[in-house]
Amino acid sequence: MAKNVLLTGGSGFIGKHLTEALIAGGFSVSVLSRSERKDTSLITYYKWDLKNNFIDEQAVLNADYIIHLAGEGIVEKRWTEKRKKDILESRVKPIELIYSVLKKNNKILDAFVSASAIGIYGANTTQEICSENDAPANDFLGITCQKWESAVDKIDSLGIRTVKIRTGIVIGKDEGFLKKIAPSFKIGFGTIIGSGKQYLPWIHIEDLSQIYLKALIDTKMTGPYNAAITDNTTNAKFSRILAHLYGYKIWLPKVPAFVIKLALGEMSIAILEGKRVSSEKIQKEGYEFQFTDIETAISNSLS
Ligand SMILES: NC(=O)c1ccc[n+]([C@@H]2O[C@H](COP(=O)([O-])OP(=O)(O)OC[C@H]3O[C@@H](n4cnc5c(N)ncnc54)[C@H](OP(=O)(O)O)[C@@H]3O)[C@@H](O)[C@H]2O)c1
């Protein structure tokens, strides 16, 4: 019988692609969602309500693996104190609920794999290339990712293999980062943000889905893994390539950093700054990236 993978946040950008990859890989897929959804021939839906600490326990009891992707969008809205709390709680609380079901039922999974983010290393632009051994940063994203990953360690304490995928900016068709920035480039008004020197550690959605699949089946994998290409893509490089693919050269001046700061407040750091990360650990584990060239990854993802 096919092994069952339960996805939290399975209805989102990464979840939808991962669902396809899991089904193609011979797994059966279940999804925990806040909304009532109808089962399909391929996906079983379960409901949870984090505000009221409700989870359909059967979702966890039927699972061989869990992949945790759920969480409020990090750069969707201004980081007010309430928004910051929601961003953190929407990632940590689901893990705590799942932990309580596992513990109560003495249920052991084959593996628990959680999203995390390269934001754990902090955002400030430096020449440093961060690896999994580096200490978490002390800014909002660094602290959030640290607490998110610490919650995963509770699952680990039950004797379950856990893997944390520290994800870079995911490139995929009509979704995520490209969905936000491509429209202005498409009509000829795209330009460089801030200094343009901030690194933009990226990964193509197909590679990310395959890394999640590998994390499920490769029992050697444990702990954190960076999932981003180690290259020299900056905001300026990315913007120039995107404009070129739409057939023009950037003609507008850069958007000054102070404008972004005024518009976005503290969240502007996620756009104006960016660090490189090393992908050596996942590559040493045997993963070969399909997309290593940023222009190919973007052109593959434009509709
Ligand atoms: N996309 C990227 O570039 C990127 C980069 C680094 C890290 N990540 C991380 O990877 C994970 C998945 O990313 P994604 O791009 O697929 O995100 P997404 O498209 O925004 O999907 C996230 C899913 O999480 C669920 N969700 C949203 N708010 C929630 C809340 N308050 N409580 C519980 N569930 C909630 C939603 O599912 P339901 O509506 O069905 O409940 C939603 O479909 C996230 O944790 C994200 O931080 C993504």
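Here are some questions and answers about helices and a few single residues in this structure.

Me: What kind of model is this, and how are residues numbered?
Reply: This is a predicted model, where local features need pLDDT of at least 70, side-chain atom pairs count only at pLDDT 80 or more, and totals for chains, interfaces and linings use all residues. Side-chain values use heavy atoms, with hydrogens and water left out, and residues are numbered along each chain, as its sequence is written, from 1.

Me: At what angle do helix α1 and helix α6 pack?
Reply: Helices here are DSSP runs (H or I, at least four residues), strands are E runs of at least two, and both are numbered from the N terminus. Axes are lines fitted to C-alpha atoms, for helices over the stretch in contact, and angles run from 0 to 180 degrees between N-to-C directions. The axes of α1 (residues 13-24) and α6 (residues 205-217) are 9 Å apart, and the angle is about 60°.

Me: What does that make α1 relative to α6: parallel or oblique?
Reply: Under 35 degrees counts as roughly parallel, over 145 as roughly antiparallel, 65 to 115 as roughly perpendicular and the rest as oblique. With an angle of about 60°, α1 is therefore oblique to α6.

Me: How many nonpolar residues are in the contact of α1 with α6?
Reply: Contact means heavy atoms within 4.5 Å, and the residues making this one include Phe13 and Leu18 of α1 and Tyr212 and Leu216 of α6. Ala, Val, Leu, Ile, Met, Phe, Trp, Tyr, Cys and Pro count as nonpolar, Asp, Glu, Lys and Arg as charged, and the others, Gly among them, as polar. The contact has no charged residues, 3 polar and 10 nonpolar.

Me: Why are the buried residues of α5 on the same side?
Reply: Buried means under 20% relative accessible area, exposed over 50% and partly exposed in between (1.4 Å probe, protein chains only). In α5 (residues 176-186), the buried ones are Leu178, Ala182 and Phe185. They sit on the same side of α5 because they cover an arc, taken from the directions from the helix axis to the C-beta atoms, of only 60°.

Me: Which elements cover the buried residues of α5?
Reply: Leu178, Ala182 and Phe185 are the buried residues here. What covers them includes β9 (169-171), α7 (235-245) and α11 (294-301).

Me: Is Ser239 buried or exposed?
Reply: Ser239 is found in helix α7, and Phe185, Thr191, Ile192 and Ile250 are what it touches, leaving out residues up to four places away in sequence. Its relative accessible area is 3%, so Ser239 is buried.

Me: Where does Asn53 lie, and what is its phi?
Reply: Most residues other than glycine have a negative phi. Asn53 lies in the loop between β3 (43-49) and β4 (54-55). Its phi is positive, though it is a residue other than glycine, and lies near 55°.

Me: Which residues does Lys84 touch?
Reply: Lys84 lies in helix α3 (residues 81-104) and counts as buried at 14% relative accessibility. Leaving out residues up to four places away in sequence, Lys84 touches Trp79, Phe140 and Glu266.
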